[in-house]
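Dear colleague,

I am handing over the structure we spoke about, and below it you will find what came out of going through it. Please read the notes with the structure open beside them.

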Amino acid sequence: MEKQPLLTIRGLRIEGRSGDAWHEIVKGVDLTLHKGEVLGLIGESGAGKSTIGLAAMGFARDGCRISGGSILFDGIDLRAVPEAERRALRGKRIAYVAQSAAASFNPAHKLIDQYCEGPVVHGVMPREKAEADAVELYRRMRLPNPEEIGFRYPHQVSGGQLQRAMTAMAMSCRPDLIIFDEPTTALDVTTQIEVLAAIRDIVRQFGTAAIYITHDLAVVAQMADRIKVLLRGDEVEEADTRSMLTAPREEYTRSLWAVRSFARAEQPPATGTPVVSVRGVTAGYGAVDVLKDVSFDIHARRTVAVVGESGSGKSTAARVITGLLVPRKGEVLFNGKALPPNFKARSRAELRQCQMIYQMADTALNPKLRLRELIGRPAEMYLGLKGKALESRIRDLLALIELEPDTYIDRLPGELSGGQKQRIGIARALAAEPQLIICDEVTSALDQIVQEGILKLLDRLQSELNLAYMFITHDLATVKAIADEVVVMQQGVVVERGPKTELFGRPHEAYTDLLLSSVPEMDPDWLNRLLASRGEHA
Amino acid sequence: MNDIWRMIGQRLLFGLLTLFVISVVIFGATELLPGDLARELLGQSATEETLAALRDQLGLNDPAPLRYWNWLTAALQGDFGVSMATKRPIADLVGARLGNTLFLALYAAALSVPISLTLGVLAALWRNSIFDRASNALALTAISIPEFFVAYILVLFLAQSGLFPSMVRITGSTTFGDQLYMSFLPALTLTLVVTAHMMRMTRAAIINLLANPYIEMARLKGMSPLRVVLRHAVPNALAPIINVVALNLAYLITGVVVVEVVFVYPGLGQLMVDAVTNRDIAVVQAIALIFASAYVLLNLIADVLSTISNPRLMHRS
């Protein structure tokens, strides 16, 4: 007879409220998880992954409700028992690791206080024992200074370390099940590897079952025993990891696998005066130099990708070009002419030439303005368009970013999807008719299929409008897809630069190599091989 | 920690600067008031000679900047001059009244701060419940009624029946208990006036935070709703709460004029009203300066406390 599963979900239905109406966001999903097993949940945003993960704890976010089906955890019907009983399970037997550890740790308390809260409140162990236990788990998660790190506040610890501290916190009561909700999505590739390896080891050591939620196939391939693919609240298919990777049955799964098919046609080497030329720039905040003698050029109709981990100075370089940060040394040439270092000293025509698109379209768009105003304002300010001319320009711009003008012109950002918001960010930049657009991690908050759409759009606009792009990213797959030239940065220094084909082909700098090898591959043995080759793990 | 001291020093400096500006404004405003003090003192029958002599004696003929300077330097040494109406030193006059006003303010604060914070936290905890709506409605009703009217309603219901006195007489022999008993109605009136603001700000500050991922994290760690609010939301909501409390405490000291008059409470507000009626400019100036100092000092304390409550400002990495 087969062992009793740890978690059995049958016919799970969850509804979300929009306005006064309830509509289904999870439509009858089944899920079975045995002790010590890791199940990967994969799908785009809106697929219901996180909602299902939370439902496994008997939890529904505000504005959501579990409307049907059964959730059995170790024989306990989570829908039938009173809230107090569910609460007694949460944190103790079922734990949760959130996407952004930086936002999910309480800024007002030290890490160790937050670690100890669970074990003490649930009566698992007294405070002193929990503290000792925390140090032990911090050590196992390979955090630096495990004795001391717990006594810091969240803002004093880096993102990758916080994510490991959060995993340690989830382990504090030795739960039977942990829900990992995109735990590495917000991290750099190099940091991601450390966190993935630490999570995988600790889950194996304690024989903990896990639901691993992600939209990154290559990541789930390393972590999960089985994979379930979701689409708009419905299951597409489920299989063990290897057969899922080698022989996906469904059309949709195959499209996920093939998503990074887009690659920009190779361009001949650029000639002539570059649109932007950064020359020997040294800049920083306070006494610290964030950029050290940085130089690179960007030509018209070319995309230069600036890659590196967070803190490498990518965004600071963009701030120098836009004039938000005055460099200590060096200069920025625009079409061969030096620009005033401070944006306040630049003319309107100079400002117009260089526009930005931001990572978080959510926060970069004023939620109270309609698209008409969002896109219209730069067109009005820089080009002096008014009345009919302005209206038709706004409509042209919307058509350019493939949004139907009549449908969208009077919408608010809140009524758009993530990908559509990013398109508005692009239209707003285009409204000024610039020569250079700085794209700061514009696709990293988006799903892969949506990312591909945005990249294709940017590529098309570039050839139609003769644009130069500076593409800031830490995602090397994006670089492979869209860049002509690559600038690799580490700790404020350009360690390598050159055409993409050359850079990805030849043997390169140790750091470039580390970055390139850290991009997860779809092979389930990739992480093992990588760790073995780096000698970090047997 | 050095940062904190530097900040306190900075704020103190700004506070002093503010007070200086306020003192100029106060002096300037009283200059503009119509009326002649000498005539006020000597009455209609005084001759021009005696009036001129008195003006000379009081220094009323000196140019305004000189009089301001004399007034300020004396005030800095604790000498606010002599009340022109009662001929007593203003420092003595104000001293006892200030004590009474502070007593009433502290009394009202001791009632209103715990009540409004508790109600605010509970309203946030049970948001949109009957309790939330009822306490909001009551607090708003209380704040919408003018305070003299609140005072008369309380007198009607609680003083007419002889439960509490409607007038406050504090003498040297009044015991602490008696003073508490006698001042209950004015303190209650003030409590009703300030509770709504503090309660609603507390509620809003907490609810604002409830959408944060760390709140969801606390709930997913199996913490009870009360613990989530008290331990995870309140520490992060302290800055706005401290500020609104400080603002209302300042109001308790400076805004008591009407209440003091209604209950004949021997505080600064009463004194100020009397001084204005008697054109006793020096007293008005002194009290206005005290009120301004209370505002500046309480805001300074609020700034320091909200900085201390934020680990991101206390422990820079």
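Helices and strands are here DSSP runs, of at least four residues (H or I) for a helix and at least two (E) for a strand, numbered from the N terminus. On that basis chain A of this predicted model has 23 helices and 20 strands.

As to overall form, the C-alpha atoms of chain A occupy a box of roughly 75 × 50 × 45 Å along the principal axes. The radius of gyration of chain A is 25 Å, which agrees with the value near 24 Å that a compact globule of 538 residues would have. Of the 538 residues in chain A, 45% are buried, and among the contacts in chain A with a separation of 6 or more, 69% join residues that are 24 or more positions apart.

In chain B, one helix pair deserves a description of its own. The axes of helix 7 of chain B (residues 147-159) and helix 9 of chain B (residues 184-209) come within 9 Å and cross at roughly 135 degrees; because angles over 115 degrees and up to 145 fall outside the perpendicular and antiparallel ranges, helix 7 of chain B is oblique to helix 9 of chain B. The crossing of these two helices of chain B is right-handed.

From helix 7 of chain B, the residues B:Glu147, B:Val150, B:Ala151, B:Leu154, B:Val155, B:Leu158 and B:Ala159 take part in the contact, and they meet B:Leu185, B:Leu188, B:Thr189, B:Leu192 and B:Val193 of helix 9 of chain B. The residues of this contact between helix 7 and helix 9 of chain B comprise 10 nonpolar, 1 polar and 1 charged.

With best regards

Conventions: Residues numbered from 1 in each chain as written. Chains lettered and ligands numbered in written order. Predicted model: local features only at pLDDT ≥ 70, side-chain atom pairs only at ≥ 80, totals over all residues. Rg over C-alpha atoms; globule rule 2.2 N^0.38 Å. Buried ≥ 20, exposed ≤ 12 C-beta atoms within 10 Å, placed from the backbone. Contact = placed C-beta atoms within 7 Å. Axes fitted to C-alpha atoms, helices over the stretch in contact; angles between N-to-C directions. Parallel < 35°, antiparallel > 145°, perpendicular 65-115°, else oblique. Left-handed = near helix turned anticlockwise from the far one by under 90°. Nonpolar A, V, L, I, M, F, W, Y, C, P; charged D, E, K, R; others polar.
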